Amino acid sequence: MTQKAPGKAHRKGITLMELSERFPTEESAVEWFEAVVWGDQRTCGHCDSTNTYEIKSGKPMPYRCRECKRYFSVKTGTVMAGSPLPVRKWVYAIYLDVTSLKGVSSMKLHRDIGVCQKTAWFMQQRLREAFSGLVPEGEMAGPIEVDETYIGGKERNKHASKRQNLGRGPVGKAAIVGARDRETGQVVARVVPNTQAATLQGFVEERRVPNAPVYTDGATAYDGLANREAVSHSVGEYVRGEAHTNGMESFWAMLKRGYHGTYHRMSFKHLQRYVAEFAGRHNIREMDTIDQMIHVAAAMVGRRLMYQDLVAGERGVAT
């Protein structure tokens with residue numbers, strides 16, 4: 001996902017009516033997933049062997065591997081593994097995720113595709129694992145914009161027993177740092193334990209080609225970075241020539257619209273998945289809707305997320 005971002009060409013969307021025509025049956029959804037995941041060569045989801053054959057009865061699964069002797073389906077080896085849900089419902093969930101810029105809550109998904117809220121929440125968390133595969137891992141050639149933000153509730157809105165009473169500033173909030181490559185338009189964002197110089201500068205050096213141009217705000221944590229220009233928001237300076245962080249701030253604005261308008265709460269435990277969802281969706285936003293869906297479906301391969309790991313140590317389930 002490091003290709004140069006396309007221009008402002010018109011993107012082709014898909015209406016709900018068109019989606020239902022593309023995927024009228026479970027068989028059509030399975031065929032589409034198989035084409036995305038396997039291409040023209042069926043592959044065992046357990047051992048990656050192509051020496052497989054079809055089970056005529058379809059039981060216990062539609063295919064079997066001659067190498068590892070195990071049965072499998074297109075769900076095997078993806079985030080859908082072990083899910084009893086029809087593949088068609090996963091297709092609709094992907095569609096809703098890529099077409100909803102502020103995200104889809106588990107309450108809305110459970111109503112839209114007819115599953116219980118807990119199942120919808122689990123689906124969304126697994127799809128967020130796939131979105132994380134749409135975030136580039138390599139270095140950015142730049143120029144890049146780097147900025148940080150905070151997510152969390154306001155201290156004054158918390159019960160007195162929950163307030164940390166540490167004075168002004170982002171008390172009780174999670175810090176997130178992000179970088180945007182101006183050449184490709186790609187965004188990377190990460191939840192970090194603090195916004196100290198070692199943390200933020202370490203993130204920058206990890207994500208950029210050595211000495212690539214970096215634009216930041218005036219935060220002193222970035223002082224000392226090579227080839228850095230900064231704008232001073234504290235004195236009302238937001239743009240000076242090429243120096244600005246407007247692209248990253250636009251991304252933060254969308255993330256916070258999702259936080260306030262869709263989810264209302266993002267568990268700190270799962271916050272990186274939410275951030276990855278927004279970054280992944282941002283990175284494929286210029287594509288046609290069906291191509292966005294293909295990218296998400298392809299990114300589901302090789303990922304597994306267990307429900308027990310998700311809810312360990314939690315009392316409830318967020319949206």
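## Helix packing and nonpolar cores

In this predicted model, helices H2 and H3 are roughly perpendicular to each other, because an angle from 65 to 115 degrees counts as such and their axes cross at roughly 65°. Helix H2 covers residues 26–38 and helix H3 covers residues 87–99, and their axes come within 8 Å. The crossing of this pair is left-handed. On the H2 side the contact is made by Glu26, Ala29, Val30, Trp32 and Phe33, while H3 contributes Val87, Arg88, Trp90, Val91 and Ile94. Sorted by class, the residues in this contact are eight nonpolar and two charged, with no polar residue present.

The protein as a whole has 319 residues, of which 46% are buried, and it contains 10 helices and eight strands. Among the contacts with a separation of 6 or more, 66% join residues that are 24 or more positions apart.

How many residues belong to the largest nonpolar core, and which of them touch the most other members? This core has 42 residues, and Phe33, Ile94, Met293 and Met300 are the ones that touch the most other members. Two or more residues are given to the core by each of H2, strand S2 (63–65), H3, helix H4 (106–113), helix H5 (117–131) and helix H9 (289–299). The most comes from H3, which gives nine residues. Apart from this core lies another, of 37 residues, including Met140, Val146, Val275 and Ala279.

Two residues, Met293 and Val98, can be followed through their contacts, with neighbours within four places in sequence left aside.

| Residue | In contact with |
|---|---|
| Met293 | Leu19, Phe23, Trp32, Val91, Ile94, Tyr95 and Val98 |
| Val98 | Phe131, Arg281, Thr289, Gln292, Met293 and Val296 |

Met293 and Val98 appear in each other's lists, since contact here means heavy atoms within 4.5 Å. The partners of Met293 also include Trp32 and Val91, and Trp32 of H2 and Val91 of H3 are among the residues that make the contact between those helices.

Is Val98, which lies in helix H3, buried or exposed? Val98 has a relative accessible area of 5%, and because buried means under 20%, Val98 is counted as buried. One of the contacts of Val98 is with Thr289, and although these two residues are 191 residues apart along the chain, their C-alpha atoms are separated by 7.3 Å.

Methods: Residues are numbered from 1 along each chain as its sequence is written. This is a predicted model: local features need pLDDT of at least 70, side-chain atom pairs count only at pLDDT 80 or more; totals for chains, interfaces and linings use all residues. Side-chain values use heavy atoms; hydrogens and water are left out. Axes are lines fitted to C-alpha atoms, for helices over the stretch in contact, and angles run from 0 to 180 degrees between N-to-C directions. Helices (H or I, at least four residues) and strands (E, at least two) are DSSP runs, numbered from the N terminus. Angles under 35 degrees count as roughly parallel, over 145 as roughly antiparallel, 65 to 115 as roughly perpendicular and the rest as oblique. A crossing is left-handed if the near helix is turned anticlockwise from the far one by less than a right angle, and right-handed if clockwise. Ala, Val, Leu, Ile, Met, Phe, Trp, Tyr, Cys and Pro count as nonpolar, Asp, Glu, Lys and Arg as charged, and the others, Gly among them, as polar. A nonpolar core is a set of buried Ala, Val, Leu, Ile, Met, Phe, Trp, Tyr and Cys residues joined through side-chain atoms within 4.5 Å. Buried means under 20% relative accessible area, exposed over 50%, partly exposed in between (1.4 Å probe, protein chains only).
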